[in-house]
Amino acid sequence: MKTLFSAFLLCLTLAFTAQAQSSADKEYQAAMTKMLEVSNSLDAMKQMAPQIVAMVKQQAPDAPQAFWDDMEKTMNTMYDEIIKAIIPIYQKYLTLQDIQGIVAFYESPVGKKLAASNTKIAMETMPIAQQIAMQTMQKLMENAKAKGYIK
């Protein structure tokens with residue numbers, strides 16, 4: 001009887017732990033979604049869909065508009081999947097309280113300014129970073145050739 005009662009208590013404890021974990025996961029996911037929204041990161045992710053559709057249109061220019069509409073709709077549903085998939089990565093490094101603090105920052109005036117500026121800053125810095133990366137690779141290749149590593 002004691003064994004049966006102990007097993008029952010163990011099952012009950014596991015059920016409550018699983019429910020608490022599920023609730024914590026949902027809270028973390030909601031906080032992550034909020035963080036991605038207020039930081040404009042979600043908008044940046046959503047800019048991928050039209051770009052991908054445009055690339056595929058070049059490969060299949062004769063496909064009907066309904067195909068493209070369905071493709072874009074399908075791609076727009078992937079954002080929740082992306083958020084769910086990246087949560088474990090964020091959980092390794094940031095607590096729920098950290099995420100909530102980041103949300104509070106992005107809801108502040110300076111955080112809103114940063115979020116509004118991030119895309120413009122990234123667009124202006126990308127060509128600079130690409131140029132420096134190309135110059136660095138060229139130097140590395142020249143060095144490898146000079147040492148005889150590359151013919």
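Read from one end of the sequence to the other, the protein runs α-α-α-α-α-α-α. That makes 7 helices and 0 strands in what is a predicted model. Of the 151 residues, 17% count as buried.

The core is a good place to start. In general, nonpolar side chains of soluble globular proteins tend to be buried together. Here the largest nonpolar core holds 21 residues, and the members that touch the most others are Y28, M32, M35, L36, L42, I83 and I99. Six helices put in at least two residues each: α1 (2-38), α2 (41-46), α3 (48-59), α4 (65-76), α5 (78-93) and α6 (96-107). The top contributor is α1, with 6 residues.

Moving along from α1, the loop between α1 and α2 is home to N40. This residue has a positive phi, near 70 degrees, even though it is not a glycine. As for its surroundings, N40 is partly exposed, with a relative accessible area of 24%; the cut-off for counting as buried is under 20%. On the other side of that cut-off sits M45, which is buried at 13% relative accessibility and belongs to helix α2. The C-alpha of M45 lies 9.5 Å from that of I82, although 37 residues separate the two along the chain.

Next comes α5, which has a kink in it. The bend is about 35 degrees and falls at I87, shortly before the proline P88. Kink or not, the length of α5 works out: its 16 residues should span 22 Å at 1.5 Å a residue, and the end C-alpha atoms are 24 Å apart, which agrees. Three buried residues of this helix are Y79, I83 and I87. Their spacing fits a simple rule: an α-helix has 3.6 residues a turn, so residues three or four places apart point the same way. Of these three buried residues, I83 has already come up as one of the core members with the most contacts to other members.

Salt bridges are quickly dealt with, as a search of the whole structure turns up 1. It pairs the side chains of E107 and K34, with 3.2 Å from N to O. Since E107 is in helix α6 and K34 in helix α1, the contact ties together parts that are 73 residues apart in sequence. Neither partner is buried: E107 is partly exposed at 38% relative accessibility, and K34 is partly exposed too, at 35%.

That leaves α7, covering residues 109-146. This helix has 38 residues and reaches 53 Å from its first C-alpha to its last, close to the 56 Å expected at 1.5 Å a residue. Like α5, α7 is not straight throughout, as the helix bends by about 40 degrees at S117. Buried positions in α7 include G111, A115 and A144. Just after the helix, G148 takes a positive phi of about 85 degrees.

The surface has something to show around here as well. F105, V110 and L114 make a nonpolar patch of about 240 Å². One of these, L114, sits in helix α7 and is partly exposed, its relative accessible area being 32%. So L114 is partly exposed at 32%, whereas A115 of α7 is buried.

Key: Residues numbered from 1 in each chain as written. Predicted model: local features only at pLDDT ≥ 70, side-chain atom pairs only at ≥ 80, totals over all residues. Heavy atoms only, no water. Helix = DSSP H or I, 4+ residues; strand = E, 2+ residues; numbered from the N terminus. Expected span 1.5 Å × (residues − 1). Bend = angle between axes of the 7 residues up to and from the residue. Buried < 20%, exposed > 50% of the residue type's maximum accessible area, 1.4 Å probe, protein only. Patch = residues over 30% accessible without salt bridge, like charges linked within 9 Å, V, L, I, M, F, W, Y side chains within 5 Å. Areas by Shrake-Rupley, 256 points an atom, 1.4 Å probe, with all protein chains shown as cover. Salt bridge = Lys/Arg side-chain N within 4 Å of Asp/Glu carboxyl O. Core = buried A, V, L, I, M, F, W, Y, C linked by side-chain atoms within 4.5 Å.
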